[in-house]
Amino acid sequence: MNKQRLSRLVVHAALVLYTCLAVGPILLILMNSFKSRKAIFGSPLSPPSESTFTLVGYDSVLAKADFGLYFVNSLTVTIVSLALVLLTGAMCAWALTEYRFRFNAVIGLYMAIGIMVPIRLGSVSILKMMVGLKLVNTLTALILVYTAMGLPLAIFILAEFIQQVPRDLRDAARCDGVSEYRIFYAVILPLIRPALATVAVFTMVPIWNDLWFPLILAPGRGTQTVTLGVQQFIGQYVTDWNAVLAALSLAIAPILLLYVLFSRSLVRGLTAGAVK
Amino acid sequence: MAEVSLKGVSKSFGTVEVLKDINLDVEDGAFVVFVGPSGCGKSTLLRLIAGLEKTTTGDIFIGGRRVNDVPPAERKIAMVFQSYALYPHMSVYKNMAFGLKYAKAGREEIDQRVRQAAETLQLTPYLRRYPRDLSGGQRQRVAIGRAIVREPAVFLFDEPLSNLDAALRINTRIEIAKLHRALGATTIYVTHDQVEAMTLASKIVVINKGQIEQIGTPLDLYHRPAKLFVAGFIGSPQMNFVKAKIVGADGGLTAKLDVGGEVRLPPAPAKAGDVVTLGVRPENLSDQPGGDFRVAGAVDAVEHLGESSLVHMHLDDGTVVVVRTPGDSAVVPGSRLTASAPLSAVHAFAQSGAAFISGGVASTNTSDPA
């Protein structure tokens, strides 16, 4: 009994420690975004007090009319890429697991390579291609790249889940006279919803946080994303920390909202198949 | 309403041939049961008829139409799966309506058909529930309901009762029999349970190792099994087999049992020197020594079932023989017993497995003219 309590205590201590490590920096950013510049540097670890509280960072961020645009750009890119990754990824996973055709295994392997090789290695070729397609400085360029970036892992995970959908269900639907498309949309997709949520979270965070591709593919005024927009507050000699921290705090909100939306299904997704 | 016929159907998965040259006619309105041990190919045969697998060679006809290249939905069949295969994210009502919705049936017609099927299967109180909230028997009824609403010409059942407990299995078995009588549709039913086969079928198809062993009515198979395999498979407890050798063929046959003793058999296509297997069902053996076929051995165990008792004994060469005696039998384990049966209960099988004597008379349906 005592031993059990001790081990539970150790587990909880480890979890609390990890939570502090994970949440700490975020808390630090949030706290300091409400503090005056002097207080940020003077006592970075203390919460805002009456004397140090200021909204100057948020003022300067919101005063820039462009910032709304950056948010819209980031959201557009993330949501459209996410939708494309989930839809085409699920379709591809369904095709690869359900149908036997030539090159089935080869295509599966090709997709798996995409998991192993980082897409940034191809930045030069991607840039050349986008120039050739006249897509530089468009959100389309980002969406295409992010879709390609998210697909391999999405297909890999979704294929695993689709395989777990009992064969009899698909056969029953076929006997019911349901078309292959309908089977996919009305039977398979609802049943792999937890997996879709898992993939959605894995996919959306890197897209939202990415600085690299916006920087090289869409650095123009109208197409900047939040991560790129924040950069204008970071100068070579002077950095407007109030504005940077305020912008980053604001940037957490939408992704947090999306995460909460997916998370209920996510927990089921991560543990599904663990117990059998 | 439709008849189903298979002509020279075979099926291979890669290099493994799971079905060999299957020829079969199922009349309109018949209740045909495919029975055989697991892995014999009976489920594959059902999936071929459903259109879920393609034949390697041969043709399948449903209602006179060749359906080799017709998708399952257009074959006018409905299938009930062993695992029920209910859509877990749909209510009972939607499960049953799902197929109809895409068959472009009107909303009212769907509603009427679903409610009627639910009424028949006593599912009306459960229409709004989800499969996870139902018991095994209820799920099974929903699966059957989903098949009924499609008003198919042919019902296909793939071991529908094997996930139910014993009591429910008997109930559902009777329900299925009633349903077949009410709907009158051609039904093909797959099971490995010979009791289900015997009780439900108007015709049984015994399948073993990808081939049809025998086709016949339940009593046909019981009284006149054409093959050793069928004799052993149909009937419970299974038929007793003893090895013997034909020692005389003058007018009638004389068989000498390996364990000792002789049996006079009627004239039949066999000759002196043939090694044969004699079979007698436990219920035809008695603990009185008066019959034409006699074996003696030591009693190992007596199972009292109430209305009868099963006496398990082993002969001197180790062959196990089961005798069904009256319930108040006084036989005790450890004693010696001579069991006997009249000639009319004796079956004889050639080494090929083909029967040449069934129920004490020379077989007419032997497929192996020895």
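Me: In this predicted model, is Ala85(B) buried or exposed?
Reply: Ala85(B) sits in the loop between β6 (77–80) and α2 (92–102) of chain B. Its relative accessible area is 4%. The cut-off for buried is under 20%, so Ala85(B) is buried.

Me: What is the phi of Ala85(B) near?
Reply: Ala85(B) is a residue other than glycine. Its phi is nevertheless positive. The value is near 50 degrees.

Me: Is Asp21(B) buried or exposed?
Reply: Asp21(B) lies in strand β2 (residues 16–26) of chain B. It is not a glycine, yet it has a positive phi of about 45 degrees. Its relative accessible area is 53%. Exposed means over 50%, so Asp21(B) is exposed.

Me: Which peptide bond is cis, with omega near -5 degrees?
Reply: Look at the loop between α8 (228–233) and β11 (240–250) of chain B, where Pro237(B) is placed. The cis bond leads into that proline. It runs from Ser236(B) to Pro237(B).

Me: Which element gives the most to the nonpolar patch on chain A?
Reply: The patch is on the surface and has about 900 Å² of accessible area together. Its members include Leu109(A), Leu153(A) and Phe202(A). α5 (104–116) and α7 (139–164) of chain A each supply at least two residues. With four residues, the top contributor is α5(A).

Me: How does Val117(A) count at 41% relative accessibility, and what class is that?
Reply: Val117(A) is one of the patch residues. It lies in the loop between α5 and α6 (123–132) of chain A. Its 41% falls between the cut-offs of 20% and 50%, so Val117(A) counts as partly exposed.

Definitions and conventions. Residues are numbered from 1 along each chain as its sequence is written. Chains are lettered from A and ligands numbered from 1 in the order in which they are written. This is a predicted model: local features need pLDDT of at least 70, side-chain atom pairs count only at pLDDT 80 or more; totals for chains, interfaces and linings use all residues. Side-chain values use heavy atoms; hydrogens and water are left out. Buried means under 20% relative accessible area, exposed over 50%, partly exposed in between (1.4 Å probe, protein chains only). Patches are made of residues with over 30% relative accessible area and no salt bridge: like charges are joined within 9 Å, nonpolar side chains (Val, Leu, Ile, Met, Phe, Trp, Tyr) within 5 Å. Accessible areas come from the Shrake-Rupley method with a 1.4 Å probe; for residues, only the protein chains shown count as cover. A salt bridge is a side-chain nitrogen of Lys or Arg within 4 Å of a carboxyl oxygen of Asp or Glu.
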